[in-house]
Amino acid sequence: MYRSIFIDLDNTVWDFSQNSTDTFREIYEKYHFERYFDSFEQFFALYKKKNEELWMKYGNGQITKDNLNAIRYAYPFRQVDAYDEKLIHAYTEDYMRHIALKKKLMPHVREALEYLHANYDLYILSNGFRELQTQKLRSSGVERYFKKVILSEDIGVHKPNPIIYNFALSSTQSILSTSIMIGDSWTTDMAGAQHAGMDHIYYNTQGDSIVRRPRPTYEIKEWLEIMRIL
């Protein structure tokens, strides 16, 4: 039934949440951020809340990539009156270098990719930045499973805009009726696939209730369930 599978990267294949937390904790200790914050948890909570807000704006085209990066890394320090341009620049560069080298994947994703790779054409479809996404795939050892990486930066349009799904189909010579999207985000991956008319698998790791939403084509809570669907 399907031939092409488009897969989100962060928190679908590559464990962004854990890798990011680990990297920020290392940065916090390296730069002695305890001088400014009561705890790592305080620092990270400030960053995370603002980061999620800014990514929504970035996805909606309200801010640029440069705006996103300039604001989110400085935000925690501004909240505690400890803004230091040189420090923020240094730790930002350090964070960006190190996070892409992290290797943690979502549970059982490697086994699932082995299975899928033998039967389908696999592609990454992500809103992330090219300088990070390709390195994440290499560092975690899953690059070989994917025939192509399609990123929002390639065309300046982000999921859930159906334009990026149409671009992905065209650039991989895939057919809509034999293509399917797998992702962990309802608002970007699932909504985008629905708008594009593409079948989709909701990787629902957070136990999100979908009662009031249009039902996804399929839903899984862990990667090994994919083998009963595809």
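Mentor: Contact between two residues means heavy atoms within 4.5 Å. The model is predicted: local features need pLDDT of at least 70 and side-chain atom pairs count only at pLDDT 80 or more, while totals for chains, interfaces and linings use all residues. Residues are numbered from 1 along each chain as its sequence is written, and side-chain values use heavy atoms, with hydrogens and water left out.

Trainee: What share of the contacts in the protein chain with a separation of 6 or more joins residues 24 or more positions apart?

Mentor: One such distant pairing is Thr23 with Tyr95, which touch each other. For the protein chain, among contacts with a separation of 6 or more, the share from residues 24 or more positions apart is 63%.

Trainee: In what order do the elements of the protein chain run?

Mentor: Helices (H or I, at least four residues) and strands (E, at least two) are DSSP runs, numbered from the N terminus. The protein chain contains eight helices and six strands. From the N terminus on, their order is β-α-α-α-α-α-β-α-β-α-β-α-β-β.

Trainee: What is the radius of gyration of the protein chain, and why does it agree with a compact globule?

Mentor: The radius is taken over C-alpha atoms, and the globule rule is 2.2 Å times the number of residues to the power 0.38. For 230 residues, a compact globule would have a radius near 17 Å; the value for the protein chain agrees with this, being 18 Å.

Trainee: Is Thr23 buried or exposed?

Mentor: Thr23 lies in helix α1 (residues 16–30). Not counting residues up to four places away in sequence, Thr23 touches Tyr95, His98, Ile99 and Lys102. Buried means under 20% relative accessible area, exposed over 50% and partly exposed in between (1.4 Å probe, protein chains only). With a relative accessible area of 0%, Thr23 is therefore buried.

Trainee: How far is Ile164 from Ser126 in space, C-alpha to C-alpha?

Mentor: Ile164 belongs to helix α7 (residues 162–172). Its contacts include Leu125 and Asn127, on either side of Ser126 in number. Ile164 and Ser126 are 38 residues apart in sequence, and their C-alpha distance is 9.6 Å.

Trainee: Which helix gives the most to the largest nonpolar core?

Mentor: A nonpolar core is a set of buried Ala, Val, Leu, Ile, Met, Phe, Trp, Tyr and Cys residues joined through side-chain atoms within 4.5 Å. The largest has 52 residues, and those with the most contacts inside it are Phe33, Phe43, Tyr91, Phe146 and Trp223. With six residues, the helix giving the most to this core is α4.
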